[in-house]
Amino acid sequence: MHQKFVVNGGRRLTGKITLSGAKNVALKALAAALLTDEQILLENIPLITDLKLMVKIISSLGVEVSFYKKNQLKVHAQDLKKAKVDLDMGAHLRTSSMLLVPILRRLQQAIVPNPGGCRIGARPIDRHIEGLRLMGIDVSYNSADGYFYAQNKKLVGCRYRFSKNTHTGTETMILAAVLANGQTILENAAYEPEVDDLIRLLNTMGANIHRVEPRTIVINGVKKLHGTSYRIMPDRNEAVTFAIAAYVTGGDLIISGTQRFLLKSFLEELDGANACWEPVDEYTTRFYHQGKLKATYVKTGPHPGFMTDWQAPWCLLMTQAEGESIIHETVFEDRFGYVSELCKTGANISLFNPKVKNPEKLYNFNWSDNKKGLFHALKIKGSTPLHNAVMNITDLRAGATLVIASLGVKGESILHGIEHIDRGYESLDTRLNALGADIKRMTEKSS
Ligand code: EPZ
């Protein structure tokens with residue numbers, strides 16, 4: 001059932017909001033929970049459709065999983081009966097490929113679909129597969145049916161250097177190494193804080209994992225992992241979405257739930273843009289509109305750089321900044337799908353390709369995945385008064401940006417495709433309405 005948001009914009013957002021648990025930890029915690037036959041209790045789980053789909057997938061494998069109290073999940077993988085993750089579920093979820101290792105450990109074989117996720121580029125998993133093979137897993141891809149087939153010999157620890165940063169690739173190798181024979185050293189490993197939250201969860205289960213340098217992780221294989229209960233870290237992406245909603249609606253929001261070091265590059269860019277914020281306590285920060293914003297030049301990159309998931313909301317903010325801003329997206333090759341929609345509100349944004357000496361080195365995506373006609377940078381002219389529009393949502397973070405844009409403009413806007421929003425934001429409309437927004441969720445009339 002397709003739904004839309006009908007937004008009556010131009011209202012200031014004010015008040016306090018608490019962040020949900022991080023989607024990009026919760027999904028992996030479910031994969032990690034399958035590495036033990038004891039019960040795992042996960043707290044601060046976001047009630048989002050990606051999470052509910054991951055729950056559906058692991059229960060289809062024969063695992064006991066149930067929601068228990070609000071935002072709490074009990075997983076008990078006493079039995080794991082099925083080795084194959086169905087394409088019709090797994091192909092929509094980037095993290096379905098992370099089930100390969102837990103299934104393999106139990107059943108000595110695993111069949112998982114080529115993962116999907118937001119359509120923001122090719123998003124292959126070559127770096128994951130290369131590492132798994134080095135650990136002794138025999139894995140091949142059948143392009144005829146879209147599945148990876150893996151057989152298990154003994155998983156043996158190895159030293160593996162990622163050719164380039166990969167967030168879920170690092171996490172996949174950690175899941176493979178925690179119960180492998182011997183030591184695994186991951187070099188050029190992802191440094192995203194969400195990876196460290198997964199490491200903390202696994203270590204409470206009895207794993208032996210240490211980040212010895214920013215991009216080097218050492219895992220000493222152990223015999224067994226045991227049950228635990230764990231509270232997922234807050235969602236940094238939500239923090240940025242709500243903060244920018246405060247600015248574009250001329251509002252004043254107190255956002256609680258995350259420490260500021262997790263938002264360092266965002267706060268630094270806010271300072272560069274003259275956007276106002278102030279600490280309230282260790283876990284709470286106030287973001288409020290005051291005075292004129294200044295244009296900025298932002299380049300996205302792996303942590304501790306400016307996160308690619310913050311690129312779309314930042315573009316919206318820069319439409320309200322005086323001068324010409326530049327955003328250079330270096331992580332995904334095709335992450336500007338929202339720009340044409342945002343321009344329907346009157347935003348003045350053009351796409352271009354900056355001169356880059358060594359694109360294979362600069363870009364996090366495989367340069368071979370770059371296609372003719374793709375742009376990797378934006379020029380945003382501001383400040384531009386925006387107006388209401390009818391917009392189509394194509395991916396999660398872009399969708400949230402279009403919702404925030406519609407809040408900041410007077411009059412009625414309509415947003416189609418809000419299933420993309422529900423994939424990653426728990427009750428976004430309800431929570432924004434509690435801050436003064438006027439969003440109605442309506443079922444699309446079947447055309
Ligand atoms: C994770 O995606 C997040 N998703 C993304 O969040 C996030 O934007 C991204 O990391 C960067 O932090 C989840 O954790 C579920 P990558 P992931 O592997 O792991 C290319 C959101 O909105 N690459 O670090 O898929 C890849 O195509 C989502 O919540 C290869 O070419 O990101 C991309 O261009 C969006 N081969 C770049 O590298 C590989 O084997 C970074 O990918 C792996 C990656």
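Before you click on anything, one cut-off: a residue counts as buried under 20% relative accessible area, exposed over 50%, and partly exposed in between. Keep in mind, too, that what you have open is a predicted model.

**Stop 1: a warm-up on Asn274**

Select Asn274 and put that cut-off to work. Its relative accessibility is 42%, so Asn274 counts as partly exposed. You'll find Asn274 in the loop between α9 (264–272) and β15 (276–281). Check the backbone while you're there: phi is near 60°, a positive value in a residue that isn't glycine.

Now jump to Asn44, in the loop that runs between β3 (39–43) and α2. Asn44 also has a positive phi without being a glycine, with a value near 65°. Is Asn44 buried or exposed? With a relative accessible area of 14%, Asn44 is buried.

**Stop 2: the ligand**

Next, select the ligand and show what is around it. The shell has 26 residues, and Arg94, Arg127, Thr168, Asp309 and Val331 are the closest. Colour the shell by residue class and you get seven nonpolar, nine polar and 10 charged residues.

Which atoms of Arg94, Arg127 and Thr168 should you put distance labels on? Go through them in turn:

- Arg94: a polar atom of the side chain sits 2.7 Å from a ligand oxygen.
- Arg127: here the backbone takes part, with a polar atom 2.7 Å from an oxygen of the ligand.
- Thr168: an N or O atom in the side chain is 2.5 Å from a ligand oxygen.

Switch on a surface and see how covered the ligand is. On its own the ligand exposes 820 Å², and the protein buries 98% of that. If you run a cavity search, the largest cavity is the space that the ligand takes up.

Which elements give two or more residues to this shell? They are α1 (23–33), α5 (126–134), α6 (167–177) and α13 (396–407). Show those helices as cartoon and hold on to the view, as α1 comes next.

**Stop 3: helix α1**

Zoom in on α1 and colour by accessibility. Why call α1 largely enclosed by the rest of the structure? Because 11 of its 11 residues are buried. Among the names on that buried list are Lys23, Asn24 and Lys28, along with Val25, Leu27 and Leu30. Alanines turn up as well, including Ala26, Ala29 and Ala31. If you want to sort the side chains by direction, remember that an α-helix has 3.6 residues a turn, so residues three or four places apart point the same way.

**Stop 4: two buried helix residues**

Go to α2 (residues 49–60) and pick Ile58. Ile58 has 0% relative accessibility, so it counts as buried. Add Val75 to the selection and draw a C-alpha to C-alpha line: the two are 9.3 Å apart in space and 17 residues apart in sequence.

Then move to α7 (residues 193–204) and select Asp197. Asp197 is buried as well, at 3% relative accessible area. What does its side chain meet? The side chain of Tyr230, through a polar contact of 2.7 Å.

**Stop 5: cis peptides**

Select His303 and Pro304 and look at the bond between them. The peptide bond is cis, with omega about 10°. Pro304 lies in the loop between β18 (297–299) and α10 (311–318).

Stay in that loop between β18 and α10 for Thr300. Thr300 is buried, with 2% relative accessible area. Measure across to Ser20 if you like a long line: the C-alpha atoms are 24 Å apart, with the two positions 280 residues apart in sequence.

The other cis bond on this tour joins Gly382 and Ser383, with omega about 0°. Ser383 belongs to the loop between β21 (377–382) and β22 (390–392).

**Stop 6: strand β19**

Finish on Ala321, in strand β19 (residues 321–328). Its relative accessible area is 0%, so Ala321 is buried. Pick Ile380 as the partner for a last distance: the C-alpha atoms are 8.9 Å apart, for residues 59 apart along the chain.

Terms used: Residues are numbered from 1 along each chain as its sequence is written. This is a predicted model: local features need pLDDT of at least 70, side-chain atom pairs count only at pLDDT 80 or more; totals for chains, interfaces and linings use all residues. Side-chain values use heavy atoms; hydrogens and water are left out. A residue is near a molecule or strand if one of its heavy atoms lies within 4 Å of it. A polar contact is a pair of N or O atoms within 3.5 Å; within protein, one must be able to donate a hydrogen and the other to accept it, and residues adjacent in sequence count only if both atoms are side-chain atoms. Accessible areas come from the Shrake-Rupley method with a 1.4 Å probe; for residues, only the protein chains shown count as cover. On a 1 Å grid over the protein atoms alone, a cavity is a set of points where a 1.4 Å probe fits but cannot get out, and a pocket is an open set with protein on both sides within 12 Å along at least five of seven lines; lining residues have an atom within 4 Å of a point. A molecule sits in a cavity or pocket if more than half of its atoms lie within 2 Å of its grid points. Helices (H or I, at least four residues) and strands (E, at least two) are DSSP runs, numbered from the N terminus. Ala, Val, Leu, Ile, Met, Phe, Trp, Tyr, Cys and Pro count as nonpolar, Asp, Glu, Lys and Arg as charged, and the others, Gly among them, as polar. Buried means under 20% relative accessible area, exposed over 50%, partly exposed in between (1.4 Å probe, protein chains only).
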